[in-house]
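Here are my notes on the model you sent round. Please read them with the structure open.

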Amino acid sequence: DDELQGNVKLAVLVDANGNVKDSKVISSSGHVALDKASLRASTACKFKPASNGAEPVWAQVQYKWVLN
């Protein structure tokens, strides 16, 4: 469906090196395809390492999918 648009909010687990170790949808777009695309995109993200020492921390990321 090429009419898909929406927002997806994820929780991402960021390790001490800034890599995403896990992610989960906390607010769905209502479209499984967009939710899955957001989860895939999050694995390619690199974050500033958390300041909680070596312990991974959860952060929130929102993807906004818009047709232009």
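The points below go from the overall fold to single residues.

1. Status. This is a predicted model. Please keep that in view for every value that follows.

2. Fold. The protein chain has one helix and three strands. Their order along the sequence is β-β-α-β. The C-alpha trace spans about 45 × 20 × 15 Å along its principal axes.

3. Burial and surface. The protein chain has 68 residues, and 31% of them are buried. Its accessible surface is about 4600 Å². Carbon and sulfur atoms account for 49% of that area.

4. Contact range. Take the contacts between residues at least 6 apart in sequence: 64% of them join residues at least 24 apart.

5. Charge. I find 8 positive and 7 negative side chains in the protein chain. The centres of the two sets are 8 Å apart.

6. Hairpin. Strand 1 and strand 2 form a hairpin, with five residues between them. The two strands run antiparallel and are joined by six bridges. Strand 2 covers residues 20–27. Val-14 stands opposite Val-20 of strand 2. In the turn, Gly-18 has a positive phi of about 90°.

7. Core. Which residues make up the largest nonpolar core? There are nine: Leu-4, Val-8, Leu-10, Val-12, Val-14, Val-20, Leu-34, Val-61 and Tyr-63. Strand 1 (6–14) and strand 3 (57–65) each supply at least two of the core residues. Strand 1 gives the most, with four. Val-14 and Val-20, the pair that stand opposite each other in the hairpin, both belong to this core.

8. Tyr-63. This core member deserves a look of its own. Setting aside residues up to four places away in sequence, Tyr-63 touches Gly-6, Asn-7, Val-8, Leu-10, Ser-38, Ala-41, Ser-42 and Cys-45. Among them, Val-8 and Leu-10 are also core residues.

9. Gln-62. Gln-62 lies in strand 3. Is it buried, partly exposed or exposed? Its relative accessible area is 49%, so Gln-62 counts as partly exposed; the exposed class begins over 50%. Outside its neighbours within four places in sequence, Gln-62 is in contact with Asn-7, Val-8 and Lys-9. Asn-7 and Val-8 are also on the list for Tyr-63.

10. A distance to check. Gln-62 and Ser-38 are 24 residues apart along the chain. Their C-alpha atoms are separated by 8.6 Å. Ser-38 is one of the residues that Tyr-63 touches, but Ser-38 is not among the listed contacts of Gln-62.

Technical notes:
Residues numbered from 1 in each chain as written. Predicted model: local features only at pLDDT ≥ 70, side-chain atom pairs only at ≥ 80, totals over all residues. Heavy atoms only, no water. Buried < 20%, exposed > 50% of the residue type's maximum accessible area, 1.4 Å probe, protein only. Contact = heavy atoms within 4.5 Å. Areas by Shrake-Rupley, 256 points an atom, 1.4 Å probe, with all protein chains shown as cover. Lys, Arg positive; Asp, Glu negative; His and termini not counted. Charge placed at Lys NZ, Arg CZ, Asp CG, Glu CD. Core = buried A, V, L, I, M, F, W, Y, C linked by side-chain atoms within 4.5 Å. Pairing = 2+ DSSP bridges.
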